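This report looks at a pocket and at the side-chain contacts that accompany it. Please keep the sequence and the structure at hand while reading.

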Amino acid sequence: MAELGEADEAELQRLVAAEQQKAQFTAQVHHFMELCWDKCVEKPGNRLDSRTENCLSSCVDRFIDTTLAITSRFAQIVQRGGQ
C-alpha cells in the first residue's frame, strides 16, 4: 500500500476527527435521554401523565438549547481555525 501524501493524511485526520465528534455527540444524546428519563418518569405505564409530559418536554428543550449553544461554539472555533 502506498504512503499517504500530506493532503491525504490531513484529509484522513479531518475525517477521523469528524467521526469522533459524531460519536461524542451520539454519546451525549444517549446521556441526556437517560437523564431526562430518570428525572421525569417515575413509573412507566401505558400513558404519560401531564406532569411527566411537561417534565420531558422541558428536559428536551434544555437539551436542544444546550446542543445549539455547543454547536455554535464549535462553529466559532472551526471558523477561527480556518482563517
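How much space lies in the largest pocket? In this predicted model, the largest pocket holds about 330 Å³ of space. Its lining is made up of Gln-21, Lys-22, Gln-24, Phe-25, Gln-28, Phe-32, Phe-63, Thr-67, Ile-70, Thr-71 and Phe-74. Two elements, α1 and α2, each give two or more residues to this lining, and the largest share, 6 residues, is contributed by α1. By residue class, the lining of the largest pocket is divided into 5 nonpolar residues, 5 polar residues and 1 charged residue.

Two of the lining residues, Phe-32 and Phe-63, lead on to the aromatic contacts. The structure holds 1 aromatic pair. Phe-32 and Phe-63 form this pair with a tilted arrangement, in which the ring centres are 4.9 Å apart and the planes make an angle of 55°. Because Phe-32 belongs to helix α1 and Phe-63 to helix α2, the pair ties together parts of the chain that are 31 residues apart in sequence. Phe-32 and Phe-63 are both buried, although both are also listed among the residues that line the largest pocket.

The disulfides also concern these two helices. UniProt lists a disulfide between Cys-36 and Cys-59, and the sulfur atoms in this model lie 1.8 Å apart, which agrees with that record. This disulfide links distant parts of the chain, since Cys-36 is found in helix α1 (residues 6-40) and Cys-59 in helix α2 (residues 50-81), with their positions 23 residues apart in the numbering. Both of these cysteines, Cys-36 and Cys-59, are buried.

A disulfide from Cys-40 to Cys-55 is likewise given by UniProt, and it is formed in these coordinates at a sulfur-to-sulfur distance of 2.0 Å. Here too distant parts of the chain are linked, with Cys-40 in helix α1 and Cys-55 in helix α2, 15 residues apart. Cys-40 counts as buried because its relative accessibility is 0%, and Cys-55, which has a relative accessible area of 18%, is buried as well, because the cut-off for that class is under 20%.

The table sets the two disulfides side by side.

| Disulfide | S to S distance | Separation in sequence |
|---|---|---|
| Cys-36 to Cys-59 | 1.8 Å | 23 residues |
| Cys-40 to Cys-55 | 2.0 Å | 15 residues |

Taken together, helices α1 and α2 are joined by the pair Cys-36 and Cys-59, by the pair Cys-40 and Cys-55, and by the aromatic pair of Phe-32 and Phe-63.

How values were computed. Residues numbered from 1 in each chain as written. Predicted model: local features only at pLDDT ≥ 70, side-chain atom pairs only at ≥ 80, totals over all residues. Heavy atoms only, no water. Disulfide = S-S within 2.5 Å. UniProt positions renumbered as here; feature names shortened; annotations may be inferred. Helix = DSSP H or I, 4+ residues; strand = E, 2+ residues; numbered from the N terminus. Buried < 20%, exposed > 50% of the residue type's maximum accessible area, 1.4 Å probe, protein only. Phe/Tyr/Trp six-rings, centres within 6.5 Å; stacked < 30°, edge-to-face > 60°. 1 Å grid on protein atoms, 1.4 Å probe; cavity = no way out; pocket = protein on both sides within 12 Å on 5 of 7 lines; lining within 4 Å. Points joined across faces, edges and corners; volume = space filled by probe spheres on them. Nonpolar A, V, L, I, M, F, W, Y, C, P; charged D, E, K, R; others polar.
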